[in-house]
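Please look through the sequence and the model shown here, and then follow one helix and the core around it step by step.

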Amino acid sequence: MAQQRDMFDDIIDISKGIDALKNPFGGITDALIGTVDDSKPHWNPADYKERPRVNCIPCLACKSDKSGCRACIDVCPVNAIEIEDGAIDVLDSCRKCGLCVASCPTEAFVSPRLQPKKVYDAVARAATAHETAYVTCTRALKRIPRENEVVVACVGDITRETWFSILTDFPNVSVYLPLDICTACRNAVGEEMLGEAIATAEEWAGRGMGLEVDPKDLVCNKRREYERKEFVDNIVRQTGLTVSKLTPATAAVATVTQRIREHSSRVSALERTLNAACGTTTQKRRRVLTQGRQLMLSTLQQHSDLAENVRVQLPECDHDKCTMCGDCVAACPVFACDLTANGKFTVEPTYCIGCGLCTEVCGDRALKMVERDGADLVVPDPEAERKAKLAAEAKAEYAEAKAEVKQKLGKALDQIEKLGD
């Protein structure tokens, strides 16, 4: 159904026309006389790339010689990563493509620009305020991105957990990749990583990701409600009038900042809940919640119905073979594995990243990785449950009071009827 227009929509359109008429020949004049405005930002692909930092502590290959993980080495297009003597070395030949960051299951490679929460927030800003948001790479865009375009060094830099959260919360996000743009790129494996990550995210979220291949199809249209709010907020700043005096509808629209803040609050609340419930092992080791898993759990907390779509790998123990040596517990990079007081192997699903190192170091071959759905990853929210309980109790009390009043009213009417007879 088409959105109804009012006076503010007309004023906004008129103001846009006035802004365009202020300097109608500016671009033509600059082109004719060759002037360049140095104050304007210039397109530089290097601005969207950065050399990853390395943390050897969670690295699977650094923790154990038995680990077969070489994901970062396999994905690097220029062989710029070396792992030797428990240390990772990123050579100067690094192209700053970021694929090692996305491929590492333990997040041993860190790129501030590619942190899952930071990527999610960037997409959230674009998708919340615009009708369509796009995620693309420097090679595909080749210009200063617009407000609704999120640029990364390579499209393969975004993990399946991040795509899952984006797909679930923002159905108006598409990937922009012109046809054959990855064919001549040295990061060709990035296209494969993107395909695998999005395919998994689509399966988990139960919906498809949009794809644009023609630059002519890229649009940048703000949502009408946010355009109205920006306009009204500008009037408020200049006149001091309250929003409610101008239009009550704009007062109910949450800002982009508010939405991101609410998401951050949910993530923080989730982490506090997990820390209180299962944040440490029996050996008092503090479990590590990776950023990707944190983002995924916060999404499942809001959309628990999607848990059955999610497939994860978890270790399963054959207790008849287990000698309780504790090698698996010592090797786990996030301390998800544990040995209970009676010597039984356990794993905390919310923290386990499915890397499989515990099975590789188990000399007794008592552990194997099995596929499970995401039911164990749904973290109950105590505060939400408390509010729901209070709401249910209040509803029950209201229904009881209503029934009591109805009963008393019925008796009163019966007495009045008897007196009339």
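The expected span of a helix is 1.5 Å times one less than its number of residues. In this predicted model, helix H9 (residues 189-205) has 17 residues, and the distance from its first C-alpha to its last is 24 Å, close to the 24 Å expected at 1.5 Å a residue. After H9 comes Gly-206, which has a positive phi, near 75°.

Which residues of H9 are buried? They are Gly-190, Met-193, Leu-194, Ala-197, Ile-198, Ala-201, Trp-204 and Ala-205, and because they cover an arc of only 120° around the axis, they lie on the same side of H9. An α-helix has 3.6 residues a turn, so residues three or four places apart point the same way. On the face of H9 turned away from this buried side are the exposed residues Glu-192 and Glu-203.

The buried residues of H9 pack against several elements, among them helix H8 (160-169), strand S7 (173-176) and helix H14 (291-302). Trp-163, leaving aside residues up to four places away in sequence, touches Leu-194, Ala-197, Ile-198 and Ala-201, and also Val-135, Ile-158, Val-175 and Met-209.

Trp-163 also leads to the wider picture, since the largest nonpolar core has 71 residues, of which Trp-163, Phe-164, Val-173 and Leu-177 touch the most other members. Helix H6 (residues 116-129) provides the largest share of this core, seven residues. Apart from this core lies another, of 18 residues, including Ala-61, Val-78, Ile-88 and Cys-94.

How values were computed
Residues are numbered from 1 along each chain as its sequence is written. This is a predicted model: local features need pLDDT of at least 70, side-chain atom pairs count only at pLDDT 80 or more; totals for chains, interfaces and linings use all residues. Side-chain values use heavy atoms; hydrogens and water are left out. A nonpolar core is a set of buried Ala, Val, Leu, Ile, Met, Phe, Trp, Tyr and Cys residues joined through side-chain atoms within 4.5 Å. Buried means under 20% relative accessible area, exposed over 50%, partly exposed in between (1.4 Å probe, protein chains only). Helices (H or I, at least four residues) and strands (E, at least two) are DSSP runs, numbered from the N terminus. Contact means heavy atoms within 4.5 Å. The arc is that of the directions from the helix axis to the C-beta atoms.
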